[in-house]
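Good morning, colleagues. Please take a moment to look at the sequence and the structure on the screen before I begin.

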Amino acid sequence: MKRLLLSIITFAVCALCSGKTVTLSINGIRETKGTLLLMVETLDATDKTAQPIMLMREVSGHKMEIAFEMPEWSKFKVSAFIDANGNKQLDRDEYGRPTEGFIQQVFTEKDLKKGVLTAKVTYLQ
C-alpha cells in the first residue's frame, strides 16, 4: 500500500514538473519544399542540465504550425532555418550572411501563457 501511494505521489509530482504542449506558428516561408530545422534552448545560465529541443519537419507551405512539449523555462530562444538544398546547414554568402530563411527569437514564460508562439522567417536576400 505504501509503495502504491508513493508511486501515485511520484507520478503526480512528475506530471506537475513536466512541461506543456506549445504550438509554434511560423509565418513568411517562401520555399514550399525543404526541411525546417528547429532548436529551442533555455537562456537560464543556472540550468546546466537543460537539454535543447531539436526537431525537423518537412516544409508544408508558406505557414506551418509545430506542436512540441515545452519544459518550464522562464526564458528561451527559438532558432530555426529552412534547409532548401538538403545539406542540413544554414548556407551563407561570401560575406557570412544567411542565404536561407531563418528564425532567431527569444520568448519568455509570459509568451507561453498564450499557448501559441508566433515567429516569422527572415530572409536577407
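With which residue does Glu 41 form a salt bridge, and how far apart are the closest N and O atoms? I should say at once that this is a predicted model. In it, the partner of Glu 41 is Lys 77, and the closest N and O atoms of the pair are 3.7 Å apart. This contact links distant parts of the chain, since Glu 41 belongs to strand β2 and Lys 77 to strand β5, 36 residues apart. Glu 41 is partly exposed, at a relative accessible area of 24%. Lys 77 is partly exposed as well, with a value of 23%. Because buried means under 20% relative accessible area, neither residue of this pair falls in that class.

Let me place those two strands in their sheet. The order of this open, four-stranded sheet is β3-β2-β5-β6, and the pairing is antiparallel. Its edges are formed by β3, residues 53–58, and β6, residues 102–108, each of which pairs on one side only. From one strand to the next, the twist averages 15°. Strand β5, which covers residues 75–83, is joined to β6 by seven bridges, and the two run antiparallel. Within β6, Thr 108 is the residue that stands opposite Lys 75. As a general reminder, strands of a sheet pair through backbone hydrogen bonds, in either a parallel or an antiparallel manner.

The loop between β5 and β6 contains Lys 88. The phi angle of Lys 88 is near 60°, a positive value in a residue that is not glycine. In general, most residues other than glycine have a negative phi. Lys 88 is also exposed, with a relative accessible area of 52%.

I turn next to the pairing of strand β1. Strand β1, residues 20–27, pairs with strand β4, residues 64–70, in the antiparallel sense, over seven bridges. With strand β7, residues 116–120, β1 pairs in the parallel sense, over five bridges. Leu 24 illustrates both pairings: its bridge partner in β4 is Ile 66, and in β7 it stands opposite Leu 117.

Now to the pockets. Which elements give two or more residues to the lining of the largest pocket? They are β2, residues 35–42, together with β3, β5 and β6. The volume of this largest pocket is about 240 Å³. It is lined by 15 residues, and those closest to its centre are Leu 37, Ser 79, Ala 80, Phe 81 and Ile 103. By class, the lining comprises 12 nonpolar, two polar and one charged residues.

Finally, I return to the salt bridges. How many are counted in the model? The count comes to three. Besides the pair with which I opened, Asp 93 and Arg 97 meet through their side chains at 2.8 Å, N to O. Asp 93 counts as buried, because its relative accessibility of 15% is under the 20% cut-off. Arg 97, by contrast, is partly exposed, with a relative accessible area of 40%. Another salt bridge is formed by Asp 111 and Lys 114, whose closest N and O atoms are 3.8 Å apart. Lys 114 counts as exposed, because its relative accessibility of 61% is over the 50% cut-off.

Thank you for your attention.

Note on methods:
Residues are numbered from 1 along each chain as its sequence is written. This is a predicted model: local features need pLDDT of at least 70, side-chain atom pairs count only at pLDDT 80 or more; totals for chains, interfaces and linings use all residues. Side-chain values use heavy atoms; hydrogens and water are left out. Two strands pair if DSSP finds at least two bridges between them. Axes are lines fitted to C-alpha atoms, for helices over the stretch in contact, and angles run from 0 to 180 degrees between N-to-C directions. On a 1 Å grid over the protein atoms alone, a cavity is a set of points where a 1.4 Å probe fits but cannot get out, and a pocket is an open set with protein on both sides within 12 Å along at least five of seven lines; lining residues have an atom within 4 Å of a point. Grid points are joined across faces, edges and corners, and a volume is the space filled by probe spheres set on the points. Ala, Val, Leu, Ile, Met, Phe, Trp, Tyr, Cys and Pro count as nonpolar, Asp, Glu, Lys and Arg as charged, and the others, Gly among them, as polar. A salt bridge is a side-chain nitrogen of Lys or Arg within 4 Å of a carboxyl oxygen of Asp or Glu. Buried means under 20% relative accessible area, exposed over 50%, partly exposed in between (1.4 Å probe, protein chains only).
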